[in-house]
Amino acid sequence: MDTLLLVVYTSLPWLAVVVLSLMAVAGAGVGMVWPRFLAYVYLAVFFFRNSTSYGSLSTFDGISVYSRGSGVLLFPLLLWMMFAVWCCARVSASFQRYPAPPCNLRPWMLGWLVLLGAHVAAGMVAGVKLAEAAAPSGFSHIVWMAPLVSLMLLSFRTRAHAIELSRFILLAGLARAGFGLARWALAGGDPNNVYANMNDIKIKLTFFDINDSLLCTVAFAIAAVNLFQVRKQERSQFWTLVDWATLLATAACVVLSFRRTAWIGFLLGGLIVMMRFPLQRRVQLAAFGLPVVGAGLLVAAIKRLGQTKGAGHGVASLFYDMESRRFGAESERVLELKLALSDFTSHPFTGIGAWGRYTGYQRISWQDGPEGGLFLHSGVLHIALKAGLPGLVLLFGTIWAFGVFARRALRDAPPDLLGMATAGAAGLAFMLPDLLVGTPFPQVRTTQMLAICMALPYVAMAVAASVPAAEAAATAARRRFNITPAPAAVAASAPASISDAIAASSAATSGARA
């Protein structure tokens, strides 16, 4: 018996290797035939898996799925798995002669890759370790946005696939919002409650992680366009009920997150949605919707800011921690930005490097850990500090390229795909406050969620033009197999159907008898 147990325990590592190998082969097979199924699994991780434990009182914090493997593989294992899925989708598209859809983000993403390579090379010359030069505290996560955008373009190739993706996001947003509201009502809300646990503000949250509110906003945009657009297609009663449930649940979930960036971002995303409707419909929605949403935000703001010391009154209370004399001579938030801006002005063309720490970070209370000075609460200034003017040019160029394409997508997308295109633009608008005063770029989940939002308008427009693409693929297949198309005269004289052939044969027979 002891010998049998010894054999079993000794073989467990080998058994694990065999199982993982079989799973990898099976996954590659699925990815070659149906890459969108693997894409759904990857999207589900970011939709339903929390990325932060900040504000939690829990003593034991498990290793996050978003960082596991980064110590050995430089980047998280999850990102490498996404890259493997992209390889499968790329090979699948090549086998099926599926052309890569147009995307004006490619040159800008290539620029980010070149800039990262330049920083890595400079760091190695300066004696900086590769792991530090390519660390997420720089801008390497922006480079990882490119394969995800490409994966979604290669995976969702038809109009049916795009509608399926839209419904998946809709149901994911409804499920996440339902979970957050149920936990808020029955179980005390999100345990990562920095306001109650650290600031002594007695409120409950649906979600502290900004990405959950982003998912709710994207689902809200899809539901709103499905319900209120003028040229909408016929939908079953089930999906109409899902749209209404998503509209109400996601809006409530964002309001009860009690995050100012989420509130302001939700209003910006709502403006993007409103601009998709004619003027008369905008006035109607504003008359009925704004009082409800405004009242909800007002009550939530009073409940949170009313318990915050030094918050003041009026609209200025939303920016209480940016005011002077909040912590001594000036706000720590303002001091952090001033210190980082000083380093940027000292190194405007190169920045301090992707691995650098800004001078004086020890004066900031939340910069006392091992990651002190590696990040700051402004995505724009973070890029300026780490990458200098070249990083700023790439950042604003990427945003400009997306804005140009999204504007065309919102104007030209067909009714059944307009919700998806609008959701992508609304998601980017939602993240603008976090881009200005948050920490989006060092976080895996945030950058990948941004990539998902950026991909949606491109997917919508690519499948809207799928018929010409299918004709091009058929032409390429004919050239590949040396199939010569029939001449125009022959094609014109050919019978259009079997019945036409039978009628022609009967006429010929009758003429012969005559």
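**Figure 1. Helix 19 gives the most to the lining of the largest cavity, with four residues.** This is a predicted model, like every view that follows. The structure holds one cavity of 30 Å³ or more, and the volume of the largest cavity comes to about 40 Å³. Around that space you'll find Phe-47, Ile-169, Leu-215, Val-218, Met-449, Ile-452, Cys-453 and Leu-456. Helix 11 (210–228) and helix 19 (444–464) each put at least two residues into this wall. Sort the lining by class and you get eight nonpolar residues, with no polar and no charged ones. If you wonder how such a gap turns up, rolling a probe the size of a water molecule over the atoms shows where empty space is left.

**Figure 2. The second largest pocket has a volume of about 710 Å³.** It is lined by 26 residues, and the ones closest to its centre are Phe-220, Leu-285, Gly-289, Leu-290 and Val-293. Four helices each chip in at least two lining residues: helix 11, helix 12 (237–255), helix 13 (260–274) and helix 14 (279–305). Helix 14 has the largest share of this lining, with nine residues. The class split here is 22 nonpolar, three polar and one charged. Helix 11 is worth a second look, since at least two of its residues also belong to the lining of the largest cavity.

**Figure 3. Arg-176 and Asp-212 pair up in a salt bridge, 2.8 Å from N to O.** The two partners come from distant parts of the chain, with Arg-176 in helix 9 and Asp-212 in helix 11, 36 residues apart. Buried or exposed, these two? Both Arg-176 and Asp-212 are buried.

**Figure 4. Asp-416 reaches Arg-159 in another salt bridge, with the closest N and O atoms 3.0 Å apart.** This pair also links distant parts of the chain: Asp-416 is in helix 17 (residues 415–430) and Arg-159 is in helix 9 (residues 159–186), 257 residues apart. Arg-159 is partly exposed, at a relative accessible area of 31%. For the wider count, the structure holds eight salt bridges.

**Figure 5. Arg-235 and Asp-243 form a salt bridge, their closest N and O atoms being 3.0 Å apart.** The two ends sit in rather unlike settings: Arg-235 is partly exposed, with a relative accessible area of 28%, whereas Asp-243 counts as buried at 1% relative accessibility. Elsewhere, salt bridges with shared partners tie Arg-176, Asp-209, Asp-212 and Arg-445 into one network.

**Figure 6. Glu-332 is buried yet has no salt bridge.** You'll find this residue in helix 15 (residues 332–346). How far away is the nearest side chain of opposite charge? That side chain belongs to Arg-333, and it is 8.3 Å away. A salt bridge needs the side-chain nitrogen within 4 Å of a carboxyl oxygen, so Arg-333, at 8.3 Å, doesn't qualify as a partner. What the Glu-332 side chain does reach is the backbone nitrogen of Ser-365, at 2.9 Å.

**Figure 7. Leu-74 and Arg-97 both have a positive phi although neither is a glycine.** Most residues other than glycine have a negative phi. For Leu-74 the angle is about 70 degrees, and this residue lies in the loop between helix 3 (70–73) and helix 4 (77–95). For Arg-97 the angle is about 55 degrees, and Arg-97 lies in the loop between helix 4 and helix 5 (106–125). How accessible is Leu-74? Its relative accessibility is 31%, so Leu-74 counts as partly exposed. Arg-97 also counts as partly exposed, at 40% relative accessibility.

**Figure 8. Ala-460 is buried, with a relative accessible area of 0%.** Ala-460 belongs to helix 19, the helix that gives the most to the lining of the largest cavity. How far is Ala-460 from Thr-422 in space, C-alpha to C-alpha? The distance is 9.7 Å, and in sequence Ala-460 and Thr-422 are 38 residues apart.

Key: Residues are numbered from 1 along each chain as its sequence is written. This is a predicted model: local features need pLDDT of at least 70, side-chain atom pairs count only at pLDDT 80 or more; totals for chains, interfaces and linings use all residues. Side-chain values use heavy atoms; hydrogens and water are left out. Buried means under 20% relative accessible area, exposed over 50%, partly exposed in between (1.4 Å probe, protein chains only). Lys and Arg count as positive and Asp and Glu as negative; His and the chain ends are not counted. A polar contact is a pair of N or O atoms within 3.5 Å; within protein, one must be able to donate a hydrogen and the other to accept it, and residues adjacent in sequence count only if both atoms are side-chain atoms. On a 1 Å grid over the protein atoms alone, a cavity is a set of points where a 1.4 Å probe fits but cannot get out, and a pocket is an open set with protein on both sides within 12 Å along at least five of seven lines; lining residues have an atom within 4 Å of a point. Grid points are joined across faces, edges and corners, and a volume is the space filled by probe spheres set on the points. Ala, Val, Leu, Ile, Met, Phe, Trp, Tyr, Cys and Pro count as nonpolar, Asp, Glu, Lys and Arg as charged, and the others, Gly among them, as polar.
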